[in-house]
Amino acid sequence: ARVCAWLDRIAGAVESSAPGAGAFPLESLELNEPLRVIAVTHGGVLDMAYRHAAGLTLDAPRRHQTLNAARNVLRFERGVWKVLVWADTEHLTQPGDDL
């Protein structure tokens, strides 16, 4: 419940951060693209964030990975969270790793 509430607070803050809304001091920014929020957390929170965005219940079997240092991208659009990228570790490979 805490993770879902936190994500929904972020979504509400981002939605209300349009120029003139006053949630964040963004009135001077020109928002030509979606506002991005970066969060760093641990696997338990990631699991709950994934479940919230994917519409999975707490007792649903976990079929998603929570990898260390992975890139996970969620999007809040039209009142709904969605999983865009999950457990991406491509940025961790070094040139020549495949040799």
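Helix H2 is twelve residues in length and spans 16 Å from its first C-alpha to its last, close to the 16 Å expected at 1.5 Å a residue. The model is predicted. Within H2, the buried residues are Val45, Leu46, Asp47, Ala49, Tyr50, Arg51 and Ala53. After the helix comes Gly55, with a positive phi near 75 degrees.

**Overall layout**

- Two helices and two strands are present in the protein, and from the N terminus on their order is α-α-β-β.
- Of the 99 residues in the protein, 20% are buried.
- The exposed area of the protein is about 7500 Å², and 53% of this comes from carbon and sulfur atoms.
- Taking contacts between residues at least 6 apart in sequence, 29% join residues at least 24 apart.

**Nonpolar core**

- The largest nonpolar core has seven residues: Val3, Leu7, Ala11, Val45, Ala49, Ala53 and Trp81.
- Helix H1 (2-15) and H2 each contribute at least two residues to this core.
- An α-helix has 3.6 residues a turn, so residues three or four places apart point the same way.
- Val3, a member of the core, touches Val45, Met48 and Ala49 when residues up to four places away in sequence are not counted.
- Trp81, also in the core, has a relative accessibility of 13% and therefore counts as buried, the cut-off being under 20%.

**His64 and Asp47**

- His64 lies in the loop between helix H2 (43-54) and strand S1 (71-77), whereas Asp47 lies in helix H2 itself.
- The side chains of these two residues, His64 and Asp47, make a polar contact at 2.6 Å.
- Both partners are buried: His64 has a relative accessibility of 7%, and Asp47 has a relative accessible area of 10%.
- With neighbours within four places in sequence left aside, His64 is in contact with Asp47, Tyr50, Arg51, Leu56 and Trp86.
- Among these contacts of His64, Asp47, Tyr50 and Arg51 are buried residues of H2.
- On the same basis, with neighbours within four places left aside, Asp47 is in contact with Arg62, His64 and Thr66.

**Aromatic pairs**

- The whole structure contains two aromatic pairs.
- Tyr50 and Trp86 have ring centres 4.9 Å apart and planes at 65 degrees, so this pair is edge-to-face.
- The Tyr50 and Trp86 pair links distant parts of the chain, since Tyr50 is in helix H2 and Trp86 is in strand S2 (residues 80-88), 36 residues apart.
- Tyr50 is buried because its relative accessibility is 18%, and Trp86 is buried because its value is 17%.
- Phe76 and Trp81 form a tilted aromatic pair, with 5.1 Å centre to centre and 55 degrees between the planes.
- In the tilted pair, Phe76 counts as partly exposed at 24% relative accessibility, while Trp81 counts as buried at 13%.

**Where the groups meet**

- Tyr50 and Trp86, the edge-to-face pair, are both among the contacts of His64.
- Trp81 belongs to the largest nonpolar core and to the tilted pair with Phe76.
- Helix H2 holds Asp47, which makes the side-chain polar contact with His64, and Tyr50, which pairs with Trp86 in strand S2.
- H2 also supplies at least two residues of the nonpolar core.

How values were computed. Residues numbered from 1 in each chain as written. Predicted model: local features only at pLDDT ≥ 70, side-chain atom pairs only at ≥ 80, totals over all residues. Heavy atoms only, no water. Helix = DSSP H or I, 4+ residues; strand = E, 2+ residues; numbered from the N terminus. Buried < 20%, exposed > 50% of the residue type's maximum accessible area, 1.4 Å probe, protein only. Polar contact = N/O pair within 3.5 Å; in protein donor to acceptor, adjacent residues only side chain to side chain. Contact = heavy atoms within 4.5 Å. Core = buried A, V, L, I, M, F, W, Y, C linked by side-chain atoms within 4.5 Å. Phe/Tyr/Trp six-rings, centres within 6.5 Å; stacked < 30°, edge-to-face > 60°. Areas by Shrake-Rupley, 256 points an atom, 1.4 Å probe, with all protein chains shown as cover. Expected span 1.5 Å × (residues − 1).
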